[in-house]
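Work through these exercises with the sequence and the model side by side. Try each task before reading its solution.

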Amino acid sequence: MLKAKMLELMEKIKYESSLVEKMVNTTIEGLLESNKDKLDNAMEYENLINNLEMEIEEMCVSMISLYQPAAKNLRLIVSVIKINSDFERMGDLCVNIIEAAKILIEQPQMKKYLAVPNMAKETLKMLNDALHAFLEEDVHLANDVCAFDDVIDAYCEQITRELITYMLSDPKNIERSLGLLVIAKNLERIADHCTNIAEYTVFISEGKVIKHNIEQH
């Protein structure tokens, strides 16, 4: 019975991951293409993800209570609870990006959004790799995802510095700069959640806790 429930749980988290991937992808496309329809379409995933997040959490708690799983099964269920929360937060972060992007696309672009398009594409790749690592229990790829977070952080720092320069040089740039800053900061947070998923992947497979560079056996 536990085995069947574990399979059902994995199907639900896989479906949730596909919704998150579609929401992030559509959000980024809407921003880069200045396409309001795509931004509206991306917003539609929010309720689906929120409802599924609650359903998965309830299922995990029920499984722990009823079956008292041990070893890898317990690690998987506990990790799914955490990853489930990461997915829900990614949806919230996409909403922040969508709201900022809708205002931004109505105004003239500032040097084609600086490095934000590259940061967005790299964040999406990081998400795809994190999901693949989790679903395939690919520890090597999961470690690569964790290391790649530094690249996203560097993008955010670069964009922040450039935006500060633009705002200081001309007050007319302040509103657009703040919008881009919101987007960059939320992309950085999405990358942080990708790192979380990668860390839980290692925990599920090897029982190691690599968060904060700590390893436990």
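**Exercise 1. Find how α4 and α7 are oriented to each other, and sort their contact residues by class.**

Solution. Start with the axes. Those of α4 and helix α7 (residues 174–206) come within 9 Å and cross at roughly 170°. Axes here are lines fitted to C-alpha atoms, for helices over the stretch in contact, and angles run from 0 to 180 degrees between N-to-C directions. α4 is therefore roughly antiparallel to α7. The cut-offs are under 35 degrees for roughly parallel, over 145 for roughly antiparallel, 65 to 115 for roughly perpendicular, and oblique for the rest. Next, sort the contact residues: 21 are nonpolar, seven polar and eight charged. Ala, Val, Leu, Ile, Met, Phe, Trp, Tyr, Cys and Pro count as nonpolar; Asp, Glu, Lys and Arg count as charged; the others, Gly among them, are polar.

Two notes on the source. This is a predicted model, in which local features need pLDDT of at least 70 and side-chain atom pairs count only at pLDDT 80 or more, while totals for chains, interfaces and linings use all residues. Residues are numbered from 1 along each chain as its sequence is written, and side-chain values use heavy atoms, with hydrogens and water left out. Helices (H or I, at least four residues) and strands (E, at least two) are DSSP runs, numbered from the N terminus.

**Exercise 2. Place S79 and list what S79 touches.**

Solution. S79 lies in helix α4. Its relative accessible area is 1%, so S79 is buried. The scale is: buried under 20% relative accessible area, exposed over 50%, partly exposed in between (1.4 Å probe, protein chains only). Now leave out residues up to four places away in sequence: S79 touches Y200, F203 and I204. Contact means heavy atoms within 4.5 Å.

**Exercise 3. Describe how α2 packs on α4.**

Solution. Helix α2 (residues 36–43) meets helix α4 (residues 71–104) at an angle of about 155°, and their axes are 10 Å apart. The two are therefore roughly antiparallel. The crossing of α2 past α4 is left-handed. Left-handed means that the near helix is turned anticlockwise from the far one by less than a right angle; clockwise would be right-handed. From α2 come L39, D40, A42 and M43; from α4 come V95, I98, E99, A101 and K102. By class, six of the contact residues are nonpolar, none polar and three charged.

**Exercise 4. Locate T27 and trace its contacts.**

Solution. T27 sits in helix α1. Its relative accessibility is 0%, so T27 is buried. Beyond residues up to four places away in sequence, T27 touches L39, A42, C94, I97 and I98. Check one distance too: T27 and D40 are 13 residues apart along the chain, with 8.6 Å between their C-alpha atoms.

**Exercise 5. Characterise the α5 and α6 pair, then T123.**

Solution. The axes of α5 and α6 come within 10 Å and cross at roughly 165°. This makes the helices roughly antiparallel, so the chain directions oppose. α5 passes α6 in a left-handed crossing. The contact includes M119, T123 and M126 of α5, and V145, F148 and I152 of α6. It has 13 nonpolar, three polar and three charged residues. Now take T123, in helix α5 (residues 116–136). T123 is buried, at 0% relative accessible area. Leaving aside neighbours within four places in sequence, T123 contacts I152, L187, I190 and A191.

**Exercise 6. Which non-glycine residue, S34 or Q68, is exposed and which is partly exposed?**

Solution. S34 has a positive phi of about 50°. S34 is in the loop between α1 (2–32) and α2. At 30% relative accessibility, S34 is partly exposed. Q68 also has a positive phi, near 45°. The loop between α3 (45–67) and α4 holds Q68. At 65% relative accessible area, Q68 is exposed.

**Exercise 7. How many disulfides does the structure hold?**

Solution. Zero. A disulfide is a pair of cysteine sulfur atoms within 2.5 Å. For C60, the nearest cysteine sulfur is that of C194, 20 Å away. C60 is buried, at 0% relative accessibility. The sulfur of C146 is 10 Å from the closest cysteine sulfur, in C194, so a bond is ruled out by distance.
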